[in-house]
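Here's a walk through how the pieces of this model hold on to each other. Have the structure open while you read.

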Number of protein chains: 2
Amino acid sequence: MKTLKIIKIGGNIIDNDAALASFLEAFAAIESPKLLIHGGGKLATQLANQLGLEVKLIDGRRITDQATLDLITMVYAGKINKNIVAQLQSKNCNAIGFSGADGNTIRSKKRPVTTTDFGFVGDVEKVDTKILQVLLDHKVTPVFCALTHDKKGQLLNTNADTIASELAIAFADQYQTELYYCFEKNGVMRDIADESSVIKKITTQSYQGLIDDKIIVDGMLPKLNNCIHAVQKNVYKVCIGKPEMLFDATANFTTITK
Amino acid sequence: MKTLKIIKIGGNIIDNDAALASFLEAFAAIESPKLLIHGGGKLATQLANQLGLEVKLIDGRRITDQATLDLITMVYAGKINKNIVAQLQSKNCNAIGFSGADGNTIRSKKRPVTTTDFGFVGDVEKVDTKILQVLLDHKVTPVFCALTHDKKGQLLNTNADTIASELAIAFADQYQTELYYCFEKNGVMRDIADESSVIKKITTQSYQGLIDDKIIVDGMLPKLNNCIHAVQKNVYKVCIGKPEMLFDATANFTTITK
């Protein structure tokens, strides 16, 4: 089975022009078929401030009203996505920008209102890889922003980590899929203050122990749940760490397997 | 030869939610392979005002400094393009949004500075239909916004009419290409005040006479030059008129042929 690398980058790369350029240089050089998923970074918040829009967060999650949805559609699908695509083209990586609406690739359902109304936030229902597969076969690299649609004309804000894992799961029967979450730390650490305490391997077996021992807590918990879900759904491996993990054989990072 | 319809819409449709929805409904129902190109409408200017950006126009053309380029990338490639794509998906038209950077489809060159520095404005150099052809073969409808790139990482603001004609020209050896410019009038009129005075047929032969007789003047001149250029480059026909020309056999509009 051919390998497909699915790589997610977030604010620590997107918000730093030099870090982004150097990441994209290395990304463009990856030879196997690949997909890139990017989050939004600080730009949406900056623009919201400039426009006098109030950013509403509940438990660290943005509440997406109509004005906020318009704003992130402009920032994520417009400015960030198209600039990444243009930069990749300059590095001879033939990229095409995607939201989940494009090619009907990711359909989601507006999150039901319970105690909280998250607004125009979508939970992924269905990934259709057909058109993406055609593009990969033609050596095109899809670049996804964190937007999906409900197939009824509504765009929906969707977590970029989830988009990455759902894409990896959807391709798992056609490729040996490797999912890479790039973030600002070396991976999952036994001691958050000690960058050298990276846990190199996590399996579905060892995972519960790490939760019981309170090594995986707070923001890492949903992130890791997402990873475990992916390997349970036949993603070959999930790696978490600094972007160097993609290019540097000596890098320290966390690998999650079934 | 199969027919390919290439349709450009502008502000009169984009700025009006009801007009846009009804246009997209009819567009989605067109059976032959098709491409949509959209301009920007008033939204970019509105957002510029909200952000306190000065809109600079010379001869009706926007001067595109860095802040303006970021703004139109957000509005054209983000908000307008993705909302059109999501709406088309809801009407079972499998659309994918494009700038010229996506798939390296339209490469342009930054306009040289002469007496005027237009800023980040690109003149089209090369259209590559390869990926678009693959998508059309899979019944996907590309939706273009008015941005191109220089293949060196720079996005460039490019006239939407030109993008439409260059795409039509590039496809002319693979399809019988029909290029439709939708605007607010019934077409080219002998008397601008009389909507019934539409000139139904213009050919490369009759064109010069219409210029000599000062029937084609002002803003219509570059528009029509663009059309004549297209038919000279083997575009089968160019139609100018209200969007009804696409769907209503009794509509009055102007057709330009070689």
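## Salt bridges and interfaces

A:K8 and A:D161 make a salt bridge, with their closest N and O atoms 2.9 Å apart. A:K8 sits in strand β1 (residues 3-9) of chain A and A:D161 in helix α6 of chain A, so this pair ties together parts that are 153 residues apart in sequence. Helices (H or I, at least four residues) and strands (E, at least two) are DSSP runs, numbered from the N terminus. A salt bridge here is a side-chain nitrogen of Lys or Arg within 4 Å of a carboxyl oxygen of Asp or Glu. Over all chains, the structure holds 20 salt bridges.

Some ground rules: this is a predicted model, where local features need pLDDT of at least 70 and side-chain atom pairs count only at pLDDT 80 or more, while totals for chains, interfaces and linings use all residues. Residues are numbered from 1 along each chain as its sequence is written, chains are lettered from A and ligands numbered from 1 in the order in which they are written, and side-chain values use heavy atoms, with hydrogens and water left out.

**Inside chain A.** The domain assignment (bounds from an automatic or database assignment) splits chain A into domain 1 (3-25 + 34-166) and domain 2 (183-258). Their C-alpha centres lie 23 Å apart. Which residues supply 52% of the area that domain 1 of chain A buries against domain 2 of chain A? They are A:N12, A:D161 and A:S165, more than any other three residues. A:D161 turns up here again, in a salt bridge with A:K223. The rule finds one salt bridge across this domain interface. As for secondary structure, α1 (11-14) and α6 (160-170) of chain A each supply at least two residues of the domain 1 side, and α6(A) gives the most, with four residues.

**Between the chains.** On the chain A side, A:M74, A:K82 and A:Q89 lose the most area to chain B, together 18% of what that side buries. A:K82 also forms a salt bridge with B:D102, and the count between the two chains is four salt bridges. α3 (43-50), α4 (66-90), β5 (95-98) and α5 (130-137) of chain A each bring at least two residues to the side that touches chain B. The largest share, 14 residues, comes from α4(A). By class, that side has 16 nonpolar, 16 polar and six charged residues; Ala, Val, Leu, Ile, Met, Phe, Trp, Tyr, Cys and Pro count as nonpolar, Asp, Glu, Lys and Arg as charged, and the others, Gly among them, as polar.

Here are the two interfaces. Contact means heavy atoms within 4.5 Å, buried area is the accessible area (1.4 Å probe) that two parts lose on being put together, summed over both, and a polar contact is a pair of N or O atoms within 3.5 Å, where within protein one must be able to donate a hydrogen and the other to accept it, and residues adjacent in sequence count only if both atoms are side-chain atoms.

| Interface | Residues in contact | Buried area | Carbon and sulfur share | Residue pairs in polar contact |
|---|---|---|---|---|
| chain A and chain B | 38 residues of chain A, 38 residues of chain B | about 3,200 Å² | 66% | 16 residue pairs |
| domain 1 and domain 2 of chain A | eight residues of domain 1, nine residues of domain 2 | about 680 Å² | 57% | four residue pairs |

**Symmetry.** Chain A can be laid on chain B with an RMSD of 0.0 Å by a turn of 180 degrees and a shift of 0.0 Å along the axis (least squares on the C-alpha atoms of residues with pLDDT of at least 70 in both). The two copies are thus related as by a two-fold rotation axis. The same surface serves both, as 100% of the contact residues of chain A recur in chain B.
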